[in-house]
Amino acid sequence: MTDQTAAVPPTVYRSSPLRMVLVLIGSVAFVVLGAVLLTGDDASVKAVVAGGLAVPFFGLCAAVCVSRLVRGRPELVLDPAGLEHVQLGRIAWSEIAAVRIRAVTVRGATQPMIELLLADPAGYLARAPRIVRATAAANRSMGFGPANISTTTLPVGPGAVIDAMRHQHPALVVAG
């Protein structure tokens with residue numbers, strides 16, 4: 001550890017408990033809605049497909065929320081060597097070519113996220129957690145790289161996170 005890395009304390013972001021509870025409530029509501037669609041007397045094919053997709057997807061979302069609430073592990077830790085994200089794992093600053101704020105719009109709702117533009121995406125994916133590897137193709141089809149940080153459950157917005165990233169690693173490139 002160099003003198004510079006020792007001088008800058010880590011920036012730790014824990015999940016916002018209120019936001020996590022709201023996401024949990026929304027996930028459970030969609031599981032219930034999906035179950036209603038699956039078990040309705042006059043369920044159409046579209047309703048059965050929608051319910052069949054909603055129950056496992058939002059069930060997994062609810063399980064992740066409960067796990068994060070119970071474990072209390074930080075969502076994101078930034079330090080002079082890199083970042084540690086609860087889903088993405090550890091990524092060194094040297095692996096990140098740039099970062100940028102992107103917006104994802106689903107059914108009219110826009111969510112900002114931080115996209116990490118990696119110098120070697122394939123190298124990262126080779127060691128990435130299973131969930132990241134599983135979602136990489138979907139991210140690519142939407143025009144995103146494999147490493148994206150949702151700020152939905154963080155206590156601050158994406159601009160504040162990028163400012164903290166630059167505080168930890170001043171040479172970080174922020175793409176427009």
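Helices and strands here are DSSP runs, numbered from the N terminus, with at least four residues for a helix and at least two for a strand. Keep that numbering in mind, as I will use it throughout. The model is a predicted one.

I'll start with the largest pocket. Its volume is about 2200 Å³. Which elements supply at least two residues each to its lining? They are helix 2, helix 3, helix 5 (130-141), strand 5 (96-106), strand 6 (109-118) and strand 7 (147-150). Helix 3 gives the largest share of that lining, with 12 residues. In total, 49 residues line the pocket. Those nearest its centre are Phe-57, Phe-58, Cys-61, Gln-87 and Ser-150.

Next, helix 2, one of the elements in that lining. Helix 2 covers residues 17-39, which is 23 residues. From first C-alpha to last it reaches 33 Å, close to the 33 Å expected at 1.5 Å a residue. Which of its residues are buried? Met-20, Leu-24, Ser-27 and Gly-34. These buried residues pack against helix 3, which runs over 45-71.

Now to the cysteines. How many disulfides does the structure hold? Zero. A disulfide needs two cysteine sulfur atoms within 2.5 Å. For Cys-61, the closest cysteine sulfur belongs to Cys-65 and is 6.9 Å away, so the gap is too far for a bond. Cys-65 is likewise in no disulfide, and its nearest cysteine sulfur is that of Cys-61. Are these two buried or exposed? Cys-61 is partly exposed, at a relative accessible area of 24%. Cys-65 is buried, with a value of 3%. Recall that Cys-61 is also one of the residues nearest the centre of the largest pocket.

Last, a single residue, His-85. Where is it placed? His-85 is in strand 3, residues 82-85. Its relative accessible area is 2%, and it counts as buried because the cut-off for that is under 20%. What does its side chain reach? The His-85 side chain comes to 3.2 Å from the backbone nitrogen of Leu-88. If we leave aside neighbours within four places in sequence, His-85 is in contact with Arg-73, Glu-75, Leu-76 and Ile-149.

To go back over the main points: helix 3 supplies the largest share of the pocket lining, and the buried residues of helix 2 pack against helix 3. The structure has zero disulfides, and His-85 is buried in the predicted model. That is the end of my part.

Key
Residues numbered from 1 in each chain as written. Predicted model: local features only at pLDDT ≥ 70, side-chain atom pairs only at ≥ 80, totals over all residues. Heavy atoms only, no water. Expected span 1.5 Å × (residues − 1). Buried < 20%, exposed > 50% of the residue type's maximum accessible area, 1.4 Å probe, protein only. Contact = heavy atoms within 4.5 Å. Polar contact = N/O pair within 3.5 Å; in protein donor to acceptor, adjacent residues only side chain to side chain. 1 Å grid on protein atoms, 1.4 Å probe; cavity = no way out; pocket = protein on both sides within 12 Å on 5 of 7 lines; lining within 4 Å. Points joined across faces, edges and corners; volume = space filled by probe spheres on them.
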